[in-house]
Amino acid sequence: LRLIDYLMATAPTPKPLNLVHCATVGQGFDILDRGQLRPEERSEYDGMDLLFLFYGRPAYKPAAGVGASGILDVAPIALVLDPVLLQAAVRVVPFDSGGFARYEALLGPGLARTDFELSGDPSLPLRLVRAFYQTNRQYFDQEPVTREKDIPLSGRAARAYARLIADPAIRDMDDRAGTIELQFSAAIPLASALQAIVAPASMLDDPEVIEALARCPDAVPLPYKTYGRFEPLSFANTLYERVDTFLESRGGFA
Amino acid sequence: MTDAADLIGYADPLRKGIGFLIPVFDSRDHNALLVQRLAADGRIAAFEPVEALDAPITYAVRQATRVGEEAIWAFAFAASDILAERGMRFREALHARIDDQALADRPLLSIEVAEFLDLAERRIAFAKTAYERLLTLGTASADSWRDLSILTPDLRYAASRAGGEIGALAARLVARIDGNAVTIWTADPVRGAVATSLAAIARRELDTLSDLYIPPRSGWTVRFSHRDPRPRAAGPDALVLLAEDLGRDVGHYLAEDFGWRVGVYFMGRPGPMRDLSAFNEALGDTGAAGFVVVRGEGERRVADALRETAPGVVAIQFGTKPRYRLHDRDEAFDMSPPSARIYVPATGLFGSGSSGQNIAATVRQIAAATLAAREESGPRIDRGKWVYFRANGSGPEPDSDALAVLYDRLLANDLSVEHLLFLPGKTRPSRAAERYPGWAYEALFASATPLRDRRIAVIMDTGRSKTDAGMLLPVLPKSERDWEEHRRAVERVLSFPRWHAKGRPARAHDEMPFDIDGPSRIRHLLARPEPVHGSGWT
């Protein structure tokens with residue numbers, strides 16, 4: 001039973017979540033200036049130009065192996081994008097594809113990254129959420145409800161994924177293990193796609209940003225405070241709180 | 001970890017020379033730069049190394065610092081104009097410059113400064129400026145900003161101060177203004193005294209923000225919306241007791257979890273875990289819906305199975321006859337059932353090598369429809385005689401073909417369409433959210449109630465059950481209203497090739513003429529009733 005078969009036997013959640021792109025504040029200025037998110041060459045996909053977005057979560061925690069204070073990325077931003085973009089995805093992966101090496105040991109032997117790579121069917125992220133978390137809220141909070149033993153033995157990839165997302169150790173270190181990745185082969189124009197931007201207050205009333213936001217009529221600025229925070233984790237929590245509030249206000253968890 | 005370090009400068013994460021900066025330290029004990037970790041009282045709790053700091057540093061005169069001293073703060077009004085001090089001295093100096101020209105065109109940063117300094121009235125004034133500025137970008141996004149960045153955090157703070165049940169709701173409250181009403185979304189239902197108190201808090205906060213939210217003449221209406229009813233994390237939606245051997249793999253396929261769970265029990269199987277008493281016990285413990293599955297026409301077996309199970313259990317009876325005829329003597333329904341009994345006419349499942357997958361899928365379809373009907377406002381399947389048909393279509397329009405097959409079964413079995421529940425098949429996201437599409441559904445099942453439920457969607461769409469459509473209906477004889485409905489269905493079907501009824505028959509059973517409404521000439525068609533298993537239009 002392939003992962004895709006398991007998912008196609010699962011109903012999708014009733015409402016799609018927004019897509020999210022996290023970046024540093026410096027990258028954020030560049031993206032807003034260009035007015036689009038661009039695919040970049042990806043060595044892990046034979047040099048193809050791809051753009052990676054996350055489904056419904058501003059996955060930001062530093063990767064496993066890097067201590068909580070190892071990299072002080074002190075001003076992250078999150079671009080929250082229209083869920084309609086799901087239609088344009090070329091591939092869906094249930095976790096950060098770049099982190100497969102970190103997850104491999106937990107997923108178990110005999111499973112390759114390709115066993116988890118799914119087509120760009122727009123219903124797949126919704127089915128993944130339903131199959132493993134039941135609701136958008138529980139996906140956002142990373143509270144999986146489907147356990148490995150709930151899945152038929154023949155569903156090796158699905159069982160491995162259930163095992164991965166249930167592992168508290170990796171979840172604490174790397175929240176991308178349980179965050180669905182969407183891959184795109186074409187650039188995404190912000191003018192029509194940007195629905196919210198979470199960023200430091202001082203960035204959001206920068207004249208360059210104001211000018212860029214004027215070209216994105218649906219974008220809601222969601223500032224966060226920068227003082228008193230000196231841990232990457234606290235910025236991650238801030239991003240989650242702001243995106244959570246936005247998704248809630250749009251009925252994403254209803 | 002070190003207790004002492006030297007301040008060496010200030011990092012500017014925004015690289016724009018404005019806003020709060022990060023004091024940076026070094027120490028002989030560390031190769032890496034250090035940042036201070038703050039304690040709740042504003043003092044330095046520790047120094048933490050950072051391997052990489054993605055921000056330019058403005059270097060300052062080296063200054064010795066220790067854990068336990070007041071923390072150092074820094075704010076840039078410009079790249080060359082940095083205010084840096086410890087604790088209260090920093091607050092006083094920043095307060096003195098809150099109207100600095102550098103902040104004049106930065107209302108969002110000014111809000112941050114006012115919040116840092118606990119200046120509530122200035123914060124609201126800056127918020128008003130920010131809102132007016134954002135209005136120039138777009139009304140909807142300005143309103144969203146105001147609700148999510150000002151009202152919602154204020155309401156959360158006020159709720160958390162209230163403590164108790166209201167305080168427990170605070171962290172995930174979201175408030176949105178729509179006209180004269182404020183809707184408060186909460187994670188859990190809000191009722192009674194909690195609702196009254198929370199509404200009062202919301203009105204008070206809106207009064208405080210009256211410069212930002214113009215108070216309506218009649219006052220604010222407060223509404224609550226309960227979101228995210230968390231489903232049970234575990235436990236089946238339905239419990240199924242297999243009263244007899246239906247094939248060795250039926251139980252296995254029923255127990256598979258395709259997004260919703262079915263607990264399976266076996267009437268005759270020895271062992272305490274999965275037998276009749278365990279089934280009855282689980283029904284009481286979980287509150288899940290119970291089903292007992294029997295095979296054949298013998299009413300005694302059904303009655304025996306139901307007698308031994310807890311009240312309210314629905315019987316699903318796989319018949320051996322291909323058609324259930326209301327006018328025939330049917331032993332299955334001879335006895336007055338104490339609870340609902342659903343008959344599934346044979347479709348070649350038995351004796352034809354058909355797999356347990358299909359039987360399990362049919363049981364799941366019926367269980368899902370029963371659960372959905374209970375949860376929606378449709379007819380409850382808790383008593384009386386019902387019958388379930390499922391169909392697969394073929395040809396270029398398999399959906400329409402399946403619907404035609406089902407409609408034929410309605411006619412052949414003389415069943416009334418009153419209270420007919422329709423199970424759409426092969427559900428896709430777009431389809432699940434809307435009414436079952438297609439001209440055939442509109443024509444043939446206009447009076448049916450479509451059941452849109454994720455559990456039905458899962459099992460109709462597995463690829464194993466291969467079911468294009470299903471219908472579940474109470475066993476009621478056709479009435480004159482049904483024949484009239486049938487006449488309309490015929491009329492709707494014929495209207496697709498643009499045939500239109502010419503007049504109406506005096507009775508639904510009479511002949512009815514149709515004209516072709518073609519571009520060049522008129523053709524005439526006479527439709528008349530054909531005896532099927534009663535009389536009606538064909």
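Reader: How much surface does chain A expose, and which atoms supply it?

Author: About 8,500 Å² is exposed by chain A, with 51% of that supplied by carbon and sulfur atoms. Keep in mind that this is a predicted model.

Reader: And what share of chain A's residues counts as buried?

Author: Of its 254 residues, 65% count as buried. Chain A has eleven helices and eleven strands. Among its contacts with a separation of 6 or more, 80% come from residues 24 or more positions apart.

Reader: How should I read a nonpolar core, and which residues have the most contacts inside the largest one here?

Author: The general idea: in soluble globular proteins, nonpolar side chains tend to be buried together. Here, the largest nonpolar core has 161 residues, and Y55(A), F116(A), F132(A), L94(B) and W145(B) have the most contacts inside it. Helix 4 of chain B, residues 139-162, gives the most to this core, with eight residues. There's also a second, separate core of 42 residues, which includes F291(B), V293(B), L371(B) and L421(B).

Reader: What does F116(A) touch, leaving out residues up to four places away in sequence?

Author: Its partners include L3(A), V92(A), F95(A), F100(A), L111(A), A157(A) and Y161(A).

Reader: Now V240(B): is it buried or exposed?

Author: Take the cut-off of under 20% relative accessible area for buried. V240(B) has 1%, so it is buried. You'll find V240(B) in strand 12 of chain B, residues 238-242. Not counting residues up to four places away in sequence, V240(B) touches F291(B) and V293(B), among others.

Reader: How far is the C-alpha atom of V240(B) from that of V313(B)?

Author: They're separated by 9.3 Å, with the two residues 73 apart along the chain.

Technical notes
Residues are numbered from 1 along each chain as its sequence is written. Chains are lettered from A and ligands numbered from 1 in the order in which they are written. This is a predicted model: local features need pLDDT of at least 70, side-chain atom pairs count only at pLDDT 80 or more; totals for chains, interfaces and linings use all residues. Side-chain values use heavy atoms; hydrogens and water are left out. Helices (H or I, at least four residues) and strands (E, at least two) are DSSP runs, numbered from the N terminus. Buried means under 20% relative accessible area, exposed over 50%, partly exposed in between (1.4 Å probe, protein chains only). Contact means heavy atoms within 4.5 Å. Accessible areas come from the Shrake-Rupley method with a 1.4 Å probe; for residues, only the protein chains shown count as cover. A nonpolar core is a set of buried Ala, Val, Leu, Ile, Met, Phe, Trp, Tyr and Cys residues joined through side-chain atoms within 4.5 Å.
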